[in-house]
Amino acid sequence: MTSIRLTTEVKPERTGVNISLKDRIMLLGSCFADGIGGKMAGCGFDVCINPFGTLYNPASVQTAIGRLDTATPYTEEDCVEMGAGAGRICSFEHHTSFSASDAASFLEKANGSLEKASAFWKSSNKVIITLGTAFVWEHRDFGIVSNCLKRNAAEFSHHMLDAGQCAGIIKSIICNHPDKEFIFTVSPIRHLSQGTHENTLSKATLHLGLDSALHDAAGKGLNATYFPAWEIMNDELRDYRFYAADLVHPSETAVDIIWERFRNSAALPEEFHAMEINAKTCRDRAHRKMLED
C-alpha cells in the first residue's frame with residue numbers, strides 16, 4: 001500500500017563548506033540571516049551578524065563588504081536626515097535601527113560597529129550571505145542604497161538587477177576574498193511590496209545569478225556553495241501555518257526546521273553534542289534573566 005505524502009521533503013546534501021565551532025563566521029543579508037545567525041550564536045558559534053543592519057540586495061551586500069575591507073570610517077558627509085518627519089540621522093548604507101537623534105550619535109554608533117566588524121571580517125574564514133531581492137533603489141546622488149530612510153520617493157529610481165549583474169557581483173565578492181569560504185542562500189522571506197509576480201521574478205533572478213557565480217567559482221577552485229533555504233520554505237513548508245502573522249516571514253517553527261536542516265548539512269557531526277550543550281546553557285541563561293527582570 002502506497003503511503004500518502006502531504007509534503008515534498010527537501011533533503012539538502014552536505015554542503016561543500018563546513019562550519020565549525022572553531023570558525024569565525026560573518027553573516028550578511030536579509031533578516032533571515034539574523035534568524036539563522038541567532039541560532040548559531042546560541043549554539044556557541046563565533047559569529048558577527050549584520051553589522052550594518054539588514055541588507056536585501058546583492059549590490060548593498062557588496063558595498064558593505066567593501067566597507068569591511070577598508071574600514072573607512074563614516075563621516076558627516078555620510079549622514080542623511082531621515083524623511084517622514086522622523087527627526088533622525090542615519091546613512092544610506094545602514095538599516096534604520098542605526099539611526100540616532102543627531103549626527104554625532106549616529107557616527108559613534110556606526111563607526112563603533114564598523115571598527116569591531118571590520119576586525120572580525122579580516123580574521124573570519126567563513127561567510128554566510130542571504131540574498132533577499134534583486135530589486136534596488138538608486139538615489140540620484142548616492143547610488144544604490146541599502147535603505148531609503150523614508151525619504152521622498154522622487155529622489156530614487158527603482159529597478160531590478162538582471163541575472164548577469166547579480167552573477168557579476170557575487171563572483172566579485174568570492175574572487176576578491178580567496179581566504180574565505182562562502183555559503184549563499186536565497187531568503188525565503190517574500191518581498192511583496194512590488195507584487196507577487198515581481199517577487200517571483202526577483203527570486204528567480206537571484207537563483208540564476210547565484211547558479212552562474214557558483215559554477216564560475218568552482219571552476220576557479222574557490223570554495224563557495226548554496227544552501228536551499230528558499231526551497232525548504234516554498235517546496236516543503238508551503239502552508240501558511242509555517243508563516244508568521246504577517247504571512248511574509250517564516251514562523252519560529254519554520255526557522256527551527258530550516259536551521260536543523262542547515263546544521264545537519266553544514267555543521268560537523270562530531271560537534272553536535274557540544275552545540276546542544278551550548279544551546280541549553282544559552283536557554284538557561286535567558287530564562288534566568290527573564291526571571292530577574
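Helix H3 (103–123) lies across strands E1, E2 and E5 in this predicted model, and H3 runs at about 120° to E1. The three strands that H3 crosses are a convenient place to begin, since they lead into the sheet described next.

That sheet is open and is built from 5 strands in the order E2-E1-E5-E9-E10, with parallel pairing. E2 and E10 stand at its edges, and because each has a single partner strand, one side of each is left without a neighbour in the sheet. From one strand to the next, the twist averages 20°. As a general point, the strands of a sheet pair through backbone hydrogen bonds, either parallel or antiparallel.

Strand E1, which spans residues 24–29, has 5 of its 6 residues buried and is thus mostly covered. On one flank, E1 is joined by 4 bridges to strand E2 (residues 46–49), and the two run parallel; within this pairing, Ile-25 stands opposite Val-47 of E2. The connection from E1 to E2 involves helix H1 (residues 31–42), and E1, H1 and E2 together make a right-handed β-α-β unit. E1 also pairs with strand E5 (residues 126–131), again in the parallel sense, over 5 bridges. In that pairing Leu-27 has Ile-128 of E5 as its bridge partner, while Gly-29 stands opposite Thr-130 of E5.

E5 itself deserves a separate look. Buried residues account for 6 of the 6 in this strand, so E5 is largely enclosed by the rest of the structure. The cover extends to both faces of the strand: Lys-126, Ile-128 and Thr-130 are buried on one side, and Val-127, Ile-129 and Leu-131 are buried on the other. Besides its pairing with E1, E5 pairs in the parallel sense with E9 over 6 bridges, and here Thr-130 stands opposite Thr-185 of E9. Thr-130 therefore appears in both pairings of E5, facing Gly-29 of E1 and Thr-185 of E9, and it belongs to a strand that is largely enclosed.

The packing around these strands can be followed through the nonpolar cores. The largest of them has 51 residues, and those with the most contacts inside it are Val-61, Leu-68, Phe-106, Ile-129, Ile-174, Phe-182 and Phe-184. At least two residues of this core are supplied by each of E1, helix H2 (58–70), E4, H3, E5, helix H4 (163–175), strand E9 (181–186) and helix H5 (196–219). H3 gives the largest share, 7 residues. Leu-68 offers a detailed view of these surroundings: leaving aside residues up to four places away in sequence, Leu-68 touches Met-26, Leu-28, Pro-51, Phe-52, Leu-114, Ala-117, Ser-118, Trp-121 and Lys-122. A second core, separate from the one just described, has 31 residues, including Ile-36, Leu-237, Ile-258 and Ala-266.

Another covered element is helix H6 (residues 229–236), in which 6 of the 8 residues are buried. The buried residues are Ala-229, Glu-231, Ile-232, Met-233, Asn-234 and Glu-236, a list that includes both glutamate and asparagine residues. These buried residues pack against H1, E9, H5, strand E10 (224–226) and helix H7 (252–266).

The loop that precedes H3 contains a polar residue whose surroundings can be described in some detail. Ser-99 lies in the loop between strand E4 (89–90) and helix H3, and Ser-99 counts as buried because its relative accessibility is 7%, whereas the cut-off for buried is under 20%. The side chain of Ser-99 reaches the backbone oxygen of Thr-96 at 2.8 Å. Not counting residues up to four places away in sequence, Ser-99 touches Met-82, Arg-88, Ile-89, Cys-90 and Lys-109.

A further sheet completes the picture. It is an open sheet of 3 strands in the order E7-E6-E8, and its pairing is antiparallel. Strand E7 (143–145) and strand E8 (156–160) are the edge strands, each pairing on one side only, and the twist averages 40° from one strand to the next. Strand E6 (residues 135–139) pairs with E7 in the antiparallel sense over 3 bridges, and within this pairing Glu-138 has Ile-144 of E7 as its bridge partner.

Notes. Residues are numbered from 1 along each chain as its sequence is written. This is a predicted model: local features need pLDDT of at least 70, side-chain atom pairs count only at pLDDT 80 or more; totals for chains, interfaces and linings use all residues. Side-chain values use heavy atoms; hydrogens and water are left out. Two strands pair if DSSP finds at least two bridges between them. Axes are lines fitted to C-alpha atoms, for helices over the stretch in contact, and angles run from 0 to 180 degrees between N-to-C directions. Buried means under 20% relative accessible area, exposed over 50%, partly exposed in between (1.4 Å probe, protein chains only). A polar contact is a pair of N or O atoms within 3.5 Å; within protein, one must be able to donate a hydrogen and the other to accept it, and residues adjacent in sequence count only if both atoms are side-chain atoms. Contact means heavy atoms within 4.5 Å. A crossover is right-handed if, with the strands pointing away from the viewer, the path from the first strand over the helix to the second runs clockwise. A nonpolar core is a set of buried Ala, Val, Leu, Ile, Met, Phe, Trp, Tyr and Cys residues joined through side-chain atoms within 4.5 Å.
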